[in-house]
Amino acid sequence: MAGRPRIYNADQALDQAIEVFWQKGYENASSDDLLKAMGIGKGSFYLAYKGGKQELFQKSLDRVMDHHIKAFKDKIELSEHPLEEIRVFFYEMADPETNLGKYGCYFANALIQVSDKDLKCSAEKQLRTLKDIFVKALEKEKMQGNLKTAVTPDLLGLHLLNLWSGLNVTRNTVNDKSELKMLIEMNLRCIQ
């Protein structure tokens, strides 16, 4: 016998949960906050997420990776000049109209806010994936002769990951978009 049909859109509900986690953090997002934002009841929630809030957050990490980071990776792979794509990616952090500009890096936030070891490991993995994307872009530019520095793409990728994580904090203390852009430009000079 089939169960009752789902009366909510699972992707939209997950996107709403992501919004709550982005605004409040994992630990501070209550069940009531999540259920209200997702527009579902407790029964539907536990039917969809048998592991509760932890499973929901894991799925949210995967979804953010699929939507934000995968789109960036695709742009890098298709671009003739991936360094420009990296610049654009960083400038999103300075723009308060983007999710990254409003809330920062979902994965860096998770590393700081989440105490669950498995979720922390998952966020670390996503950040390592971001570093790998940077490294591949830098290797491509180096092979094309567009990256003149003697610093290895691997170390530059780590620098960019550090910048990304640092901006996650700095954008909370600097409200001037132009200042953030200047900071980004200064830090990206190493990849010119």
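Which residues form a nonpolar patch on the surface, and what is their accessible area together? The tour ends there; the model is predicted, and the stops below start with the whole chain.

**Whole chain, cartoon view.** Select the chain and show its secondary structure: there are 10 helices and zero strands. Stepping through the elements from the N terminus, the order reads α-α-α-α-α-α-α-α-α-α. Next, orient the view along the principal axes, where the C-alpha atoms fill a box of roughly 65 × 40 × 30 Å.

**Contacts.** Keep the whole chain selected and turn to pairs of residues at least 6 apart in sequence. Of the contacts between such residues, 65% join residues at least 24 apart.

**Surface and interior.** Colour by relative accessibility. Of the 192 residues in the chain, 41% are buried. Switch to a surface display: the chain exposes about 10,700 Å², and 52% of that area comes from carbon and sulfur atoms.

**Charges.** Select the charged residues by sign. The chain has 27 positive and 27 negative charges, and the mean positions of the two sets lie 3 Å apart.

**Helix 9.** Select residues 153-170, which make up helix 9. L158 lies in this helix. Is L158 buried, partly exposed or exposed? Its relative accessibility is 44%, so L158 counts as partly exposed, since that class falls between the 20% limit for buried and the 50% limit for exposed.

**The patch.** Keep L158 selected and add V151 and L155. These three residues form the nonpolar patch on the surface, and together they have about 240 Å² of accessible area.

Methods: Residues are numbered from 1 along each chain as its sequence is written. This is a predicted model: local features need pLDDT of at least 70, side-chain atom pairs count only at pLDDT 80 or more; totals for chains, interfaces and linings use all residues. Side-chain values use heavy atoms; hydrogens and water are left out. Helices (H or I, at least four residues) and strands (E, at least two) are DSSP runs, numbered from the N terminus. Buried means under 20% relative accessible area, exposed over 50%, partly exposed in between (1.4 Å probe, protein chains only). Contact means heavy atoms within 4.5 Å. Accessible areas come from the Shrake-Rupley method with a 1.4 Å probe; for residues, only the protein chains shown count as cover. Lys and Arg count as positive and Asp and Glu as negative; His and the chain ends are not counted. The place of a charge is taken as NZ of Lys, CZ of Arg, CG of Asp or CD of Glu. Patches are made of residues with over 30% relative accessible area and no salt bridge: like charges are joined within 9 Å, nonpolar side chains (Val, Leu, Ile, Met, Phe, Trp, Tyr) within 5 Å. A salt bridge is a side-chain nitrogen of Lys or Arg within 4 Å of a carboxyl oxygen of Asp or Glu.
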